[in-house]
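Dear colleague,

I am handing over the structure below for your review. A short account of the findings follows it.

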Amino acid sequence: MTITSSPAWGALSAYCRSFAPTHLRELFAGDAQRAQSLSLSFDDIHYDYSKQRLTADTLDLLVALAREARLSESIERMFTGERINVSEGRSVLHVALRRFDGPFPRSDFDVMPEVLETRRRMAEFAERLRSGACLGYTGLPIRDVVNIGIGGSDLGPKMMCSALRAISHPTLAIHFVSNLDAAQLAPLLQTLDPRTTLFVVVSKTLSTQETAVNAKTARDWLLANLRDEAAIASHFVAVSANVERAALFGIAADAVFPIWDWVGGRYSLWSAVGLSLMIAIGPQAFDEMLRGAERMDEHFQSAPFERNLPVIMALIGIWNTNFLGATTNAVLPYNESLKYLPSYLQQLEMESNGKSVNMRGEAMDCATCPIVWGELGNNGQHAFFQLLHQGGRLVPCDFLAAVRSDYPLPEHQEALLSNCFAQSAALAFGRTASEVRASLEKAPASAQEQAELAAIVPQRVFAGNQPSSTLLLARLDPATLGSLIALYEHKVFVQGAIWGINSFDQWGVELGKAVAQRILPAFKDSQVDKSLDVSTQALLAFCRRHL
């Protein structure tokens, strides 16, 4: 039986038919305690979902859906190390990466010794770099670290490095390269000194095309400047499961930090994939981030669904997507340091739950992951917020803001937060035609002017009733951010468990890679064209004329 044929799903569908027309203005007018009853706090995170189009009754029905989907059993299976990634036959144990003791997940399958040993090696290496004791081939200390990876090997560390830049090492610069377009790597290399640059190559197999090409270019650049193969060992380390390929590249085995098959790329921030982040913020702050995530893990495992932050967030997403009919979800951080969070969550959510078949290989009979998108909130106000307010589309929003600025300047933070709160309120409550008329009639005007003003009333009406949640963080510190990212990870897991899909594979990524490998030789050999579709053949012909 699929979840859509369950009694709980049927009850939600029937309820939605009568509830959907209800406006947020009515919900707030009828419940003076709404903001208090529809919010949750965890450590230094406050989650206000009172502006979502739901009530306590809605949540009761959604919790019943979670129970009918046997969510508790799914959570238990993940935390005990069962192979819940069924299409790849793997356990899903990224939660082990933020633990500090063992055995875990159980005594006969304990991954903690290798996790803790790798973390110790990372900390030792990071401290040497941060202290200036890690020297390049010519004896100069390392001053620039370049992380070469893509997807989870880039987005997580880059996002968190930006979020915690206020506490980063004052003289070590951390850079991130992911794009095959030389416009990213080439200008960066022009600013670097090969004698003081370290490259961290992050790839489970070391065969990912983007990472392999960028790493080779970096290697060639280094050798062109230092003119000795022996220099590679002083300027490259790897995060990989492929020690043999690293050795062929010139990276010694003791400079390879492991990554395991029970860690998916988009869940790997907490592992050696986060080495560049640890170098930036230091091992102690990295541990604080892990502890924040670990506390969220404990909350997720133990809190009743009604007060469980990841569960409530996930259920609200299901309500918006499957019952109210939303197809997108906007992520709107109001902190410059969180500028990469929307990109990070795009991979986390859409690569995990962008699936059209369930774990049994059957076609889904309901929508799964919405399209996740977003931008810094203040910038978005002067760009796409016009559509959110008056475009007529249902677009649920996540507003995020830190109460304390990581770069305090007089008057900035209050103005920033005022904008964040104002936008969520305006989206929820809108402005009626009578309210517009009342504001226009305050100023004296002639009869002709009054007629002109009346004609523009429709342009100034805001329908409102756009659902949103606000996540307030006390500050952007490692522990709070660790909790926040773990919160989103568990939200994704809960939704996948309820929909009945595998949130931990990504076969949709593979097809494009395979086709690209077929196309690549055609740039030099036109005979390859014959096996390709006519559109691709025409595109290649144009390229060959202009390359």
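Of the 547 residues in the protein chain, buried residues make up 51%. Please note that this is a predicted model.

**Overall form**

The protein chain holds 23 helices and 13 strands. Its radius of gyration is 26 Å, close to the 24 Å that the globule rule gives for 547 residues, so the chain is as compact as a globular protein of that length. Taken along the principal axes, the box filled by the C-alpha atoms is roughly 85 × 60 × 60 Å.

Contacts were also examined by their separation in sequence. Among those between residues at least 6 apart, 74% join residues at least 24 apart.

As for the surface, the accessible area of the protein chain comes to about 23,900 Å². Carbon and sulfur atoms account for 54% of that surface. The chain carries 48 positive and 57 negative charges, and the mean positions of the two sets are 4 Å apart.

**The parallel sheet**

In what order do the 5 strands of the open sheet lie? The order is β6-β5-β7-β8-β9, and the pairing is parallel. The edge strands are β6 (173–177) and β9, each of which pairs on one side only.

Strand β7 covers residues 197–202. On one side β7 pairs with strand β5 (residues 144–148), in the parallel sense and over 5 bridges. Within that pairing, V146 has F199 of β7 as its bridge partner. Strand β7 also pairs with strand β8 (residues 236–239), again in the parallel sense, over 4 bridges. Here V201 has A238 of β8 as its bridge partner, while F199 stands opposite F236 in β8.

Strand β8 in turn pairs with strand β9 (residues 256–257) in the parallel sense, over 2 bridges. A238 has V256 as its bridge partner in β9. A238 is thus a bridge partner of V201 and also of V256.

**Burial of β7 and β8**

Why is strand β7 described as largely enclosed by the rest of the structure? The reason is that 6 of its 6 residues are buried, and buried here means under 20% relative accessible area. Both faces of β7 are covered. T197, F199 and V201 lie on one side, and L198, V200 and V202 lie on the other.

Strand β8 can be described in a similar manner. F236 and A238 point one way from β8, V237 and V239 point the other way, and all are buried.

**A residue in helix α1**

One further residue may be of interest. A11 has its place in helix α1 (residues 7–19). Is A11 buried, exposed or partly exposed? Its relative accessible area is 33%. Buried means under 20% and exposed over 50%, so A11 is partly exposed. A11 and L65 are 54 residues apart along the chain, and their C-alpha atoms are separated by 9.2 Å.

With kind regards

Definitions and conventions
Residues numbered from 1 in each chain as written. Predicted model: local features only at pLDDT ≥ 70, side-chain atom pairs only at ≥ 80, totals over all residues. Heavy atoms only, no water. Buried < 20%, exposed > 50% of the residue type's maximum accessible area, 1.4 Å probe, protein only. Pairing = 2+ DSSP bridges. Rg over C-alpha atoms; globule rule 2.2 N^0.38 Å. Contact = heavy atoms within 4.5 Å. Areas by Shrake-Rupley, 256 points an atom, 1.4 Å probe, with all protein chains shown as cover. Lys, Arg positive; Asp, Glu negative; His and termini not counted. Charge placed at Lys NZ, Arg CZ, Asp CG, Glu CD.
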